[in-house]
Amino acid sequence: MCLRRRSGFRPPELIHAQIYTGPIPAERGGELAMGGGRSETSALNRSGGGRDITQNSQGPNACCFCWCCCCSCSWNEEERRRRQKRKRISQDTKMETIPNCEPCKPSVEEIRLWSQSFDKLMRNPAGRNVFREFLRTEYSEENMLFWLACEDLKQEVNKSSIEEKARSIYEDYISILSPKEVSLDARVREVINRKMQDPTPHTFEDAQLQIYTLMHRDSYPRFLASNIYKSLIHGSSRTSSES
């Protein structure tokens, strides 16, 4: 592959795919039973004992009426397991303290500015800190972590450090094997894999924009309506009125 010749970079999921020795998935097992096991089934049918086997082989997928339905069921099950895994990881890291930012105590004016635009929230260190706390409650903190990692990469000038940080970002947030994988479309993933042959500070620029847009459209409105933000507004207003 060109990836190996030019830089040696190979996505972790491709490496694991080549050495996979695990069990055959249930869906594939069903196909083999329907295809490769036909002679055994016919032999049993001739002896009068094959009827129950045929019925039982159809039992586990009784809810699926066609190939598309089977794929849909499998995808939904995989997505459910993925969300549960991400939720467990977020719960495990719940005790980790998010580093304090400067300023640690934003003013009432700053807090109110956060509701005017997502841009103003993300430009403010305290705003990013509070928003990250909110994302943690929604089990999507990896979106902010990825965005911050990309911002850090953009400040790097050393070639070896750029390559090291780029690989770390890829393994932590891009690889499908990572529990902190962010949601990106196929086009952006293809661009990243191409750019990883020769990483630069802007290797993840398209992905960062996509995650920024996702947080803006999906998480930001809920953040403004959350108890976290409302309590911050009320607390700051009460403090300023008392003083």
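## Starting with one residue

At 26% relative accessibility, does Glu 151 count as buried, partly exposed or exposed? With that value Glu 151 counts as partly exposed, because buried means under 20% and exposed means over 50%. Glu 151 sits in helix H10. Follow the chain from Glu 151 to His 202 and you cover 51 residues in sequence, yet their C-alpha atoms are 9.3 Å apart in space.

Before going further, keep in mind that this is a predicted model.

## The overall picture

What is the protein built from? There are 14 helices and zero strands. Read from the N terminus, then, the elements simply go α-α-α-α-α-α-α-α-α-α-α-α-α-α.

The protein has 243 residues, and 30% of them count as buried. Its accessible surface is about 15900 Å², with 53% of that belonging to carbon and sulfur atoms. Take the contacts between residues at least 6 apart in sequence: 63% of these join residues at least 24 apart.

## Helix H10 and the loop before it

Just ahead of H10 is a loop that links it to helix H9 (125-137), and Tyr 139 is found there. Tyr 139 has a positive phi of about 60 degrees, although it is not a glycine. At 26% relative accessibility, Tyr 139 counts as partly exposed.

H10 itself covers residues 141-154. It has 14 residues and spans 20 Å from its first C-alpha to its last, close to the 20 Å expected at 1.5 Å a residue. Which residues of H10 are buried? They are Glu 141, Glu 142, Asn 143, Met 144, Phe 146, Trp 147, Ala 149, Cys 150 and Leu 153.

## Helix H11 and its partner

Next up is H11, residues 159-174. This helix has 16 residues and reaches 21 Å end to end, counted from first C-alpha to last, which is close to the 22 Å expected at 1.5 Å a residue. Its buried residues are Ile 162, Ala 166, Ile 169, Tyr 170, Tyr 173 and Ile 174. Looking down the axis of H11, you would find these buried residues within an arc of 105 degrees, so they line one face of the helix.

How do H10 and H11 sit against each other? A pair of packed helices is described by the angle between their axes and the distance between the axes. For H10 and H11, the angle is about 170 degrees and the axes are 10 Å apart. That makes H10 roughly antiparallel to H11. On the H10 side, the contact is made by Glu 142, Leu 145, Phe 146, Ala 149, Cys 150, Asp 152 and Leu 153. H11 brings Ile 162, Lys 165, Ala 166, Ile 169, Tyr 173 and Ile 174 to that contact.

## Helix H12, one side in and one side out

In H12 (residues 186-195), the buried residues are Val 188, Arg 189, Val 191 and Ile 192. They cover an arc of only 160 degrees around the axis, which puts them on the same side of H12. Turned away from that buried side is a face that carries the exposed residues Ala 186 and Glu 190. What covers the buried residues? The cover includes H11 and H13.

H12 and H13 have axes that come within 9 Å and cross at roughly 150 degrees. H12 is therefore roughly antiparallel to H13. Arg 187, Val 188, Val 191, Ile 192 and Lys 195 in H12 meet Asp 206, Ala 207 and Gln 210 in H13.

## Helix H13 and a second neighbour

One residue worth a look in H13 (residues 205-224) is Ala 207. At 0% relative accessibility, Ala 207 counts as buried. Which residues touch it, leaving aside its neighbours within four places in sequence? Ala 207 is in contact with Phe 146, Leu 184, Val 188 and Ile 192. Between Ala 207 and Arg 189 there are 7.9 Å from C-alpha to C-alpha, and the two are 18 residues apart in sequence.

H13 also packs against H9, at an angle of about 90 degrees with the axes 10 Å apart. These two helices, H9 and H13, are therefore roughly perpendicular to each other. Val 130, Phe 131, Phe 134 and Leu 135 make the contact from H9, while Met 215, Ser 219, Tyr 220, Arg 222 and Phe 223 make it from H13.

Methods: Residues are numbered from 1 along each chain as its sequence is written. This is a predicted model: local features need pLDDT of at least 70, side-chain atom pairs count only at pLDDT 80 or more; totals for chains, interfaces and linings use all residues. Side-chain values use heavy atoms; hydrogens and water are left out. Helices (H or I, at least four residues) and strands (E, at least two) are DSSP runs, numbered from the N terminus. The expected span of a helix is 1.5 Å times one less than its number of residues. Buried means under 20% relative accessible area, exposed over 50%, partly exposed in between (1.4 Å probe, protein chains only). The arc is that of the directions from the helix axis to the C-beta atoms. Contact means heavy atoms within 4.5 Å. Accessible areas come from the Shrake-Rupley method with a 1.4 Å probe; for residues, only the protein chains shown count as cover. Axes are lines fitted to C-alpha atoms, for helices over the stretch in contact, and angles run from 0 to 180 degrees between N-to-C directions. Angles under 35 degrees count as roughly parallel, over 145 as roughly antiparallel, 65 to 115 as roughly perpendicular and the rest as oblique.
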